[in-house]
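Work through the exercises below with the sequence and the model open side by side. Try each task before reading its solution.

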Amino acid sequence: MASSLPAFTVRRGEPVLVAPAEPTPREVKPLSDIDDGEGMRFYSSGIHLYRSNPAKAGQDPARVIREALARALVPYYPLAGRLREEAGRKLVVDCAGQGVMFAEADADLTADDFGDVQSPPFPCFERFILESTTIAGVEPVVDRPLLYIQVTRLKCGGFIFGQRFCHCIVDAPGGMQFEKAICELACGAGAPSVAPAWGREMFMARRPPRPSYPHLEYREPAGGHDRMLSTPPADMARVPFFFGPREIAGLRQRAPPGMRCSRFELVAACIWRSRTAALGYAPDEEVRLSFIVNARGRPEIPLPEGFYGNAFAYSVAATTAGELCGKDLGYALELVKKAKSAVTHDYLLSVADLMVLEGRPLFALSRTYIVSDVSHAGFKSVDFGWGEAVYGGPAKGGEGPLLGVTNYFSRAKNGKGEEGTVVPICLPKDAMEKFQLEVEGLTAEL
């Protein structure tokens with residue numbers, strides 16, 4: 001686990017705009033109707049921690065990354081543009097080589113000071129990412145840089161790479177694709193091995209728009225007020241839960257005979273059920289699990305190679321609190337598996353249609369647990385020439401202004417060296433003990 005950091009200072013230089021290293025097309029490119037939904041209009045943060053590398057002695061990682069970034073922005077020139085909002089809240093990218101924001105900094109810390117950090121949130125992450133100004137507590141995405149990068153040199157010779165992508169322009173795999181392009185160029189390649197593809201027309205609304213699914217993810221559930229939306233941050237507790245071989249074995253024993261379940265399905269069902277019980281929702285109140293289903297790798301969704309836009313939808317499992325907590329884990333697993341299989345190309349087009357017809361709404365939040373599984377994203381493989389990252393992953397435990405509503409699932413090792421899924425749960429303090437007991441009851445081997 002991460003250690004408690006000693007007192008330290010970060011000296012950050014004045015942020016500058018980094019433009020593409022060569023002239024790029026001057027044009028306006030529409031985002032897809034999935035890219036520009038309200039739920040995408042935020043910046044997603046990631047951090048990579050690197051140790052020193054004797055072979056890189058005398059080389060400044062900030063300079064190396066800045067030069068590679070400028071070269072990568074040539075083929076990825078839309079990332080150097082600015083968003084503009086048109087009629088119907090439609091977002092387009094004004095591509096004029098305006099640049100991305102870049103800052104270099106120095107911290108009087110070593111890589112070892114962070115201990116064995118393996119899962120988000122990264123210690124003191126806000127010191128290692130470059131924030132922009134907010135308006136009434138909200139960070140706008142229109143007419144702002146689409147990418148913010150901070151490279152913080154450590155006194156041991158290592159460094160921290162912190163980035164914040166506007167989610168309208170890339171999803172997690174798309175952002176990783178761009179970061180790996182920077183890495184390849186930083187390591188001497190003449191061009192990225194994967195050429196970027198725009199391809200946003202694949203997820204434009206049909207004409208006329210005709211949503212063909214209920215899309216519960218954009219409908220508020222039936223029931224009363226959700227305490228998760230109003231509990232002050234000071235009254236919340238955050239605890240990481242590790243699901244290793246023993247816990248997964250316990251969950252598998254509770255799955256129906258013959259049901260094939262992935263690790264994600266088992267952990268998601270367990271946390272959804274345990275969280276619902278811990279929060280004490282009324283038996284007749286509707287509760288939901290919403291999770292990201294990625295379109296990449298699906299033969300029925302012919303994405304162009306190199307596509308880096310948003311290619312996913314939120315799928316929803318829904319039932320009442322009484323049903324979820326009153327039945328065995330197999331019931332929750334069946335709901336999760338059904339929701340997971342619902343996302344098809346037609347489903348994605350239906351989401352795009354709904355966005356256009358309903359003003360690009362935000363997904364529902366009440367009594368909804370939202371999950372993003374980044375355990376296979378390959379964050380640690382981002383190598384700028386200093387070797388594999390000690391830590392690579394989200395900066396925060398979840399995105400959004402409401403603590404505990406969203407969660408990342410990531411991969412980590414426990415003290416025994418066992419691989420597992422780690423989830424940084426955030427709940428009201430009075431619910432955390434009940435949640436822990438529920439999880440222990442579901443994961444104990446029979």
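The exercises that follow concern a predicted model and cover its domains, cores, cavities, one pocket and one buried residue.

**Exercise 1. Domains**

Task: State which domains the protein is assigned and how many residues of domain 1 are in contact with domain 2.

Solution.
Step 1. The domain assignment gives domain 1 as residues 10–203 and domain 2 as residues 216–443.
Step 2. Taken over C-alpha atoms, the centres of domain 1 and domain 2 are 26 Å apart.
Step 3. Across the two domains, 66 residues of domain 1 are in contact with 55 residues of domain 2.

**Exercise 2. Nonpolar cores**

Task: Find the largest nonpolar core, and say which helix gives the most to this core.

Solution.
Step 1. The largest nonpolar core holds 124 residues. Leu69, Phe178, Phe243 and Phe384 have the most contacts inside it.
Step 2. Helix α4, residues 263–279, gives the most to this core, with 10 residues.
Step 3. Domain 1 and domain 2 each provide at least three residues of this core.
Step 4. Take Leu69 as a case. Setting aside residues up to four places away in sequence, Leu69 touches Val18, Val100, Phe102, Leu147, Ile149, Phe178 and Ile182.
Step 5. A second core, separate from the one above, has 19 residues, including Leu5, Leu109, Phe114 and Ile160.

**Exercise 3. Cavities**

Task: Say how many cavities of 30 Å³ or more the whole structure has, and describe the lining of the largest cavity.

Solution.
Step 1. A search of the whole structure returns 2 cavities of 30 Å³ or more.
Step 2. The largest cavity encloses about 100 Å³ of space.
Step 3. Its lining includes Ile34, Met40, Tyr218, Phe312, Tyr314, Met355 and Phe363. Strand β12 (312–320) and helix α7 (345–357) each supply at least two lining residues, and β12 gives the largest share, 3 residues.
Step 4. Sorted by type, the lining of the largest cavity has 10 nonpolar residues, 2 polar and no charged.
Step 5. Domain 1 and domain 2 each contribute at least three residues to this lining.
Step 6. The second largest cavity encloses about 30 Å³. Leu216, Glu217, Arg288, Ser290, Val316, Phe363, Ala364 and Thr368 form its lining, which divides into 4 nonpolar, 2 polar and 2 charged residues.

**Exercise 4. A pocket**

Task: Give the volume of the second largest pocket, and name the element with the largest share of its lining.

Solution.
Step 1. The volume of the second largest pocket is about 310 Å³.
Step 2. Its lining has 14 residues, and Leu216, Val316, Lys338, Ala339 and Ala342 lie nearest the centre.
Step 3. The elements giving two or more residues to this lining are β12 and α6, residues 329–341. The largest share, 4 residues, comes from β12.
Step 4. By type, the lining of this pocket has 10 nonpolar, 2 polar and 2 charged residues.

**Exercise 5. One residue**

Task: Decide whether Asp94 counts as buried or exposed, and list what is in contact with Asp94.

Solution.
Step 1. Asp94 is in strand β6, residues 91–95.
Step 2. The cut-off for buried is under 20% relative accessible area. Asp94 has 15% relative accessibility, so Asp94 counts as buried.
Step 3. Neighbours within four places in sequence left aside, Asp94 is in contact with Arg26, Glu27, Val28, Gly81, Arg82 and Arg84.

Definitions and conventions: Residues numbered from 1 in each chain as written. Predicted model: local features only at pLDDT ≥ 70, side-chain atom pairs only at ≥ 80, totals over all residues. Heavy atoms only, no water. Core = buried A, V, L, I, M, F, W, Y, C linked by side-chain atoms within 4.5 Å. Buried < 20%, exposed > 50% of the residue type's maximum accessible area, 1.4 Å probe, protein only. Domains from an automatic or database assignment. Contact = heavy atoms within 4.5 Å. 1 Å grid on protein atoms, 1.4 Å probe; cavity = no way out; pocket = protein on both sides within 12 Å on 5 of 7 lines; lining within 4 Å. Points joined across faces, edges and corners; volume = space filled by probe spheres on them. Nonpolar A, V, L, I, M, F, W, Y, C, P; charged D, E, K, R; others polar.
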